[in-house]
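Here is my note on the model you sent over. Have the chain open while you read, and click on each residue as it comes up.

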Amino acid sequence: MEVTLFRANIDDAKEIHAMQVEVFKELLEKYQDFGTSPGNENIEKVEARLKQDFTFYYFICIGQQKVGAVRIVDKKEAGKNKRISPIFILPQFQGKGIAQKAIRLCEELHGNGNWELDTILQEPKNCHLYEKMGYRQTGKTEVINERLTLVFYEKKEAGRI
């Protein structure tokens, strides 16, 4: 199955927002993280990000079908980390290796080293995915509420610490 990325623009805000709300709905209900969940963001926040010159939104596609999306924050500054925030795959396409392929494509497009992201510590599948992709926990965590803790990851260039 070939995974491709298709660059989104401001005209795609409504579609990205609808997908994001659908994908994160279950996690929002589970963790009640109304202040931090992409599933609780309004469309204006997605639009504002799409207008940032350092934000790159991509639809994740299989053939012509959009199965998810990813936002890359890349300020194109030497030595600065690029950030994945968020990445999401529609429920019916999860567990098929699509996110892995999308992350690899993002790393090819924006450079292989110096990446960061965060995820929910209580979601072992998410943590496993990122660790399998070469991301390492930084040691930083942030307690959002009694149910949810964010854990932070980094991926450095080969040969760098």
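1. Let's begin with a place to find: in which strand is Pro 86? Look in β4, since that is the strand where Pro 86 sits. Keep in mind that this is a predicted model. Now click on the bond just before this proline: Ser 85 and Pro 86 are joined by a cis peptide bond, with omega at about -5°. Pro 86 also turns up among the contacts of Phe 24, together with Ser 37, Pro 38, Gly 39, Ile 87 and Phe 88, once neighbours within four places in sequence are left aside.

2. Stay with Phe 24 for a moment. Phe 24 belongs to helix α1 and is buried, at a relative accessible area of 12%. Its ring pairs with that of Phe 88: the centres are 5.8 Å apart and the planes stand at 70°, so this is an edge-to-face pair. If the two numbers puzzle you, a pair of aromatic rings is described by the distance of the centres and the angle of the planes. Here the angle decides the label, because planes over 60 degrees apart count as edge-to-face.

3. What does that pair tie together? Phe 24 is in α1 (residues 13–31) while Phe 88 is in β4 (residues 82–89), so the pair links parts that are 64 residues apart in sequence. Like Phe 24, Phe 88 is buried. For a contrast, try Phe 24 and Cys 106: they are 82 residues apart in sequence and 21 Å apart in space, C-alpha to C-alpha.

4. How many aromatic pairs are there? The count is three. One of them joins Tyr 130 and Tyr 135, edge-to-face, with 6.3 Å from centre to centre and 70° between the planes. Both tyrosines are tucked away: Tyr 130 is buried at 7% relative accessible area, and Tyr 135 is buried at 0%. Add Tyr 153 and you have one aromatic cluster of Tyr 130, Tyr 135 and Tyr 153.

5. Next, follow Tyr 130 into its helix. In α4 (residues 124–132), the buried residues are Cys 127, Leu 129 and Tyr 130. Viewed down the axis of α4, these buried residues fall within an arc of 160°, so they line one face of the helix. It helps to recall that an α-helix has 3.6 residues a turn, so residues three or four places apart point the same way. Pro 124 and Lys 125 are exposed, on the other side of α4.

6. What do the buried residues of α4 pack against? Their partners are β4, α3 (98–110), β5 and β7 (149–155). After the helix comes Gly 134, with a positive phi near 95°.

7. Thr 119 gives you a view from β5 (residues 115–120), the strand it is found in. Is Thr 119 buried or exposed? It counts as buried, at 6% relative accessibility. Its side chain makes a polar contact of 3.3 Å with the side chain of Asn 126. Not counting residues up to four places away in sequence, Thr 119 touches several residues, including Cys 127, Tyr 130 and Tyr 153.

8. A word on the cysteines: there are zero disulfides. Cys 61 is in none, and its nearest cysteine sulfur, in Cys 106, is 12 Å away. Why is there no bond from Cys 106? The closest cysteine sulfur to that of Cys 106 is in Cys 61, and 12 Å is too far for a bond. Cys 61 is buried, at 6% relative accessible area, and Cys 106 counts as buried too, at 1%.

9. Two lysines deserve a click as well. Lys 66 lies over the face of Phe 59, 4.2 Å from the ring centre. Lys 75 lies over the face of Phe 54, at 4.8 Å from the ring centre.

10. Last, check two loop residues with positive phi that are not glycine. Gln 32 has a phi near 55° and sits in the loop between α1 and α2 (43–51). Asn 114 has a phi near 65° and is in the loop between α3 and β5. Gln 32 is partly exposed, at 32%, whereas Asn 114 is buried, at 5%.

Methods. Residues numbered from 1 in each chain as written. Predicted model: local features only at pLDDT ≥ 70, side-chain atom pairs only at ≥ 80, totals over all residues. Heavy atoms only, no water. Phe/Tyr/Trp six-rings, centres within 6.5 Å; stacked < 30°, edge-to-face > 60°. Helix = DSSP H or I, 4+ residues; strand = E, 2+ residues; numbered from the N terminus. Buried < 20%, exposed > 50% of the residue type's maximum accessible area, 1.4 Å probe, protein only. Lys NZ or Arg CZ within 6 Å of the ring centre and 35° of its normal. Disulfide = S-S within 2.5 Å. Polar contact = N/O pair within 3.5 Å; in protein donor to acceptor, adjacent residues only side chain to side chain. Contact = heavy atoms within 4.5 Å. Arc of directions from axis to C-beta.
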